[in-house]
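Got your viewer open? Let's take a walk through this model, one selection at a time.

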Amino acid sequence: VQLVESGGGLVQAGGSLRLSCAASGIIFSINAMGWYRQAPGKERELVAVISSNGSTYYADSVKGRFTISRDNAKNTLPLQMNSLKPEDTAMYYCAAGSDYEPSLWGYWGQGTQVTVSS
């Protein structure tokens, strides 16, 4: 499985960005996908998850502002980010796996940078 992120960039606080992750390969083995982020000097943080049955998870820090979805026809994983804050600045990574537990996922993209200016 290959994952390629896109959509990052520079945005002012309060603005919006839409990330996307394109998946290819043996994707029928994937049961859950999601987004992590990592800011300089900070630990990696799980941001949002969507499983094959459509259930979702959001970190408290993004709940109500971010929306994860899945486009099965295009094999993409969009992450709509609204009301962005400077603390959302990080490298965002798409990840996936056959396990429903995110810590066990084995497929990762290269990341896309999101920078929110104050």
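Start by selecting Trp108, which has a relative accessibility of 30% and therefore counts as partly exposed. On this tour, buried means under 20% relative accessible area, exposed over 50%, and partly exposed in between, using a 1.4 Å probe and protein chains only. Before going on, keep in mind that this is a predicted model: local features need pLDDT of at least 70 and side-chain atom pairs count only at pLDDT 80 or more, while totals for chains, interfaces and linings use all residues. Residues are numbered from 1 along each chain as its sequence is written, and side-chain values use heavy atoms, with hydrogens and water left out.

**Stop 1: the rings**

Now add Tyr36, which is buried, with a relative accessible area of 7%. Rings of Phe, Tyr and Trp (its six-membered ring) pair if their centres lie within 6.5 Å; planes under 30 degrees apart are stacked, over 60 edge-to-face, and the rest tilted. That rule gives 2 aromatic pairs. In one, Tyr36 and Trp105 have ring centres 6.3 Å apart and planes at 90 degrees, so the pair is edge-to-face. Both Tyr36 and Trp105 are buried. Next, look at Tyr36 with Trp108: the ring centres are 5.0 Å apart and the planes at 40 degrees, so this pair is tilted. Tyr36 lies in strand β4 and Trp108 in strand β10, so the pair ties together parts that are 72 residues apart in sequence. Strands here are DSSP runs (E, at least two residues), numbered from the N terminus. Together, ring pairs link Tyr36, Trp105 and Trp108 into a cluster.

What lies over the face of Tyr36? Select Arg44 and you'll find it there, at 4.9 Å from the ring centre. (A charge sits over a ring if NZ of Lys or CZ of Arg is within 6 Å of the ring centre and within 35 degrees of the ring normal.)

**Stop 2: Arg37**

Move on to Arg37, also in strand β4 (residues 32–38). Buried or exposed? Arg37 counts as buried, because its relative accessibility is 6%. Show its side chain and look for polar contacts (pairs of N or O atoms within 3.5 Å; within protein, one must be able to donate a hydrogen and the other to accept it, and residues adjacent in sequence count only if both atoms are side-chain atoms). The Arg37 side chain makes one with the side chain of Glu45, at 2.8 Å, and another with that of Asp88, at 2.9 Å.

**Stop 3: Thr112**

Jump to Thr112: it is 75 residues from Arg37 in sequence, but the two are 9.4 Å apart in space, C-alpha to C-alpha. Thr112 is found in strand β11, and at 10% relative accessibility it counts as buried. Its side chain reaches the backbone nitrogen of Gly8 at 3.1 Å.

**Stop 4: strand β1**

Select residues 2–6, strand β1. Leu3 and Glu5 point to one face and are buried, while Gln2, Val4 and Ser6 point to the other and are not. Strands β1 and β3 run antiparallel, joined by 5 bridges; two strands pair if DSSP finds at least two bridges between them. Look across from Leu3 and you'll meet Ala23 in β3.

**Last stop: the core**

A nonpolar core is a set of buried Ala, Val, Leu, Ile, Met, Phe, Trp, Tyr and Cys residues joined through side-chain atoms within 4.5 Å. The largest has 28 residues, of which Met33, Trp35, Leu79, Met81 and Tyr92 touch the most other members. Apart from it lies another core, of 6 residues, including Tyr36 and Trp105.

Note on methods: Helix = DSSP H or I, 4+ residues; strand = E, 2+ residues; numbered from the N terminus.
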